[in-house]
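This report goes through the fold of one protein and the spaces inside it. Please keep the sequence and the structure at hand while reading.

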Amino acid sequence: MSARVRWFSIVFAVLMVLLIALSLSAPPATIEAAKPPTRTPTPTATPCVSCPTPTPIPPTPTPLPPTATPTTAPPTPTAVPGTTLQVHFINVGQGNSALVVAPSGKTMLVDSGELVQSGKVASYLLSVLGTKTIDYFVVTHYHSDHFGSYTDLLRNQGVSVTTATYDRGGDRTEYNSPIYTDYYDFCTTQNPTACKRTTLHENDLINLGAGITAKVLCMGSVSPRIAACGQTYLSENDNSALILVTMGSMDVWLGGDTSGDSSHTYYADVETAAVSQGKIGSYLDVYGVDHHGSCYSTNQNLVNATLPTVSVFSLGNNTYGHPCSTVVTRLTNAGSNLYYTEDSSGAIVDGDVKIVYAGGTTYTVTGAKGTRTFTTK
């Protein structure tokens, strides 16, 4: 190797050493981690000493459905059999209808009002009983305002009678009216199985089950021809079945158009006969006012003897003067609490009136104005 080449090799080696030394003495390179974006700090509010405290805004309430306009409450369903006696004076306008529901569950409908009331009566039975089937129907007498709806109830309204339809009997000429003739034909030839027509007699007991009696105190007779309680017959009203429903210390009088004409001008005086013959006790809890409050019924003898706690007038729009002011005064003076299904113009007063007795010494009376509790006599 020549001297020149050797010198060049030495110089190159020296340069390489210097480069290596310089690389070892330099600071190491660093990798900067990604930084999150810089956030502008939220300024802190300066408390306001003089500012009023803001009133919290309540959440908007969910609107409620509109409240229905109060109406007469429908009758409550029948209580459990074995616990109560119920008597419902059904508002059938100028007429009469009363439903008796015994503790046994047996049912008796006493009259049903005029033909136009058949739908009302059928609906009432369904609302109270849950069915349109009844055990007994009692026709107190043959005036249309008491039984005019009978055949329509059975023909068209779905009402059925399981045991008997009671009346005083009589052939097709027993009473001269189209309503009676239709009733007779329906029960005798058209559908006697549905009707089950049975003659009712004075002193009969209608079987409503244990713990309750329904006794026929007075009843007109076809043969011999006499009015109720043995009185001389003057009018169809004199034939009315008078039924006393008794459970424990509770008595309810259901008399149809039972008459009490002490002058015997138009009617017999069946009421006084019932009292004098000992048919009724010293007191009466509920009095279904005879003949819609006619001046020729609810006489002083009956009121003095029974002093009814509650008196229920079944009436409506009429031109007969019902209720008679004398009768209203007579009962009021005796301390009776008066209920009216309607007034003489047909305006509802108490509507359907419901009596409930569960034994013991108290019972309730419910009408359109509410419920009151009374003590038995």
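The text below covers the overall make-up, the sheet and its helices, one strand in detail, and then the pocket and the cavity.

**Overall make-up**

The model is a predicted one. The protein has nine helices and 15 strands. Of its 377 residues, 45% count as buried. Among contacts between residues at least 6 apart in sequence, 64% join residues at least 24 apart.

**The sheet**

Nine strands form an open sheet with mixed pairing, in the order 6-5-4-3-2-1-13-14-15. The edges are taken by strand 6 (197–199) and strand 15 (370–375); each has a single partner strand, so one side of each is left without a neighbour in the sheet. On average, neighbouring strands of this sheet are turned by 20 degrees against each other, direction ignored.

Helix 2 (residues 118–129) packs on the sheet, where it touches strand 1 (85–89), strand 2 (98–101), strand 3 (107–110) and strand 4 (133–138). The direction of helix 2 makes about 20 degrees with that of strand 2. Helix 5 (residues 178–190) lies across strand 5 (160–167) and strand 6, and runs at about 105 degrees to strand 6.

**Strand 14 and its partners**

Strands of a sheet pair through backbone hydrogen bonds, either parallel or antiparallel. Which sense applies to strand 14 and its two partners? Strand 13 (residues 353–357) and strand 14 (residues 362–367) pair in the antiparallel sense over four bridges. Strand 14 and strand 15 also run antiparallel, joined by six bridges.

Both pairs are hairpins. The one made by strand 13 and strand 14 has four residues between the strands, and in it Gly359 takes a positive phi near 90 degrees. The hairpin of strand 14 and strand 15 has two residues between them.

Several residues can be matched across these pairs. Lys354 stands opposite Thr366 in strand 14, and Ile355 stands opposite Val365 in strand 14. On the other side, Val365 stands opposite Arg372 in strand 15.

Which side chains of strand 14 are buried, and which are not? The side chains alternate along the strand: Tyr363, Val365 and Gly367 point to one face and are buried. Thr362, Thr364 and Thr366 point to the other face and are not buried. Val365, with Ile355 opposite, thus belongs to the buried set.

**Pocket and cavity**

The largest pocket is lined by 14 residues, and those nearest its centre are Gln94, Tyr267, His291, Tyr320 and His322. The structure also holds one cavity of 30 Å³ or more. The largest cavity is lined by Phe89, Asn96, Ala98, Val110, Trp253, Leu254, Gly255, Gly256, Gly288, Val289, Val312 and Ser314. The table gives the volumes and the classes of lining residues.

| Space | Volume | Lining residues by class |
|---|---|---|
| Largest pocket | about 230 Å³ | four nonpolar, seven polar, three charged |
| Largest cavity | about 80 Å³ | seven nonpolar, five polar, no charged |

The lining of the largest pocket thus includes three charged residues, whereas that of the largest cavity has no charged residues.

Terms used: Residues numbered from 1 in each chain as written. Predicted model: local features only at pLDDT ≥ 70, side-chain atom pairs only at ≥ 80, totals over all residues. Heavy atoms only, no water. 1 Å grid on protein atoms, 1.4 Å probe; cavity = no way out; pocket = protein on both sides within 12 Å on 5 of 7 lines; lining within 4 Å. Points joined across faces, edges and corners; volume = space filled by probe spheres on them. Nonpolar A, V, L, I, M, F, W, Y, C, P; charged D, E, K, R; others polar. Pairing = 2+ DSSP bridges. Axes fitted to C-alpha atoms, helices over the stretch in contact; angles between N-to-C directions. Contact = heavy atoms within 4.5 Å. Buried < 20%, exposed > 50% of the residue type's maximum accessible area, 1.4 Å probe, protein only.
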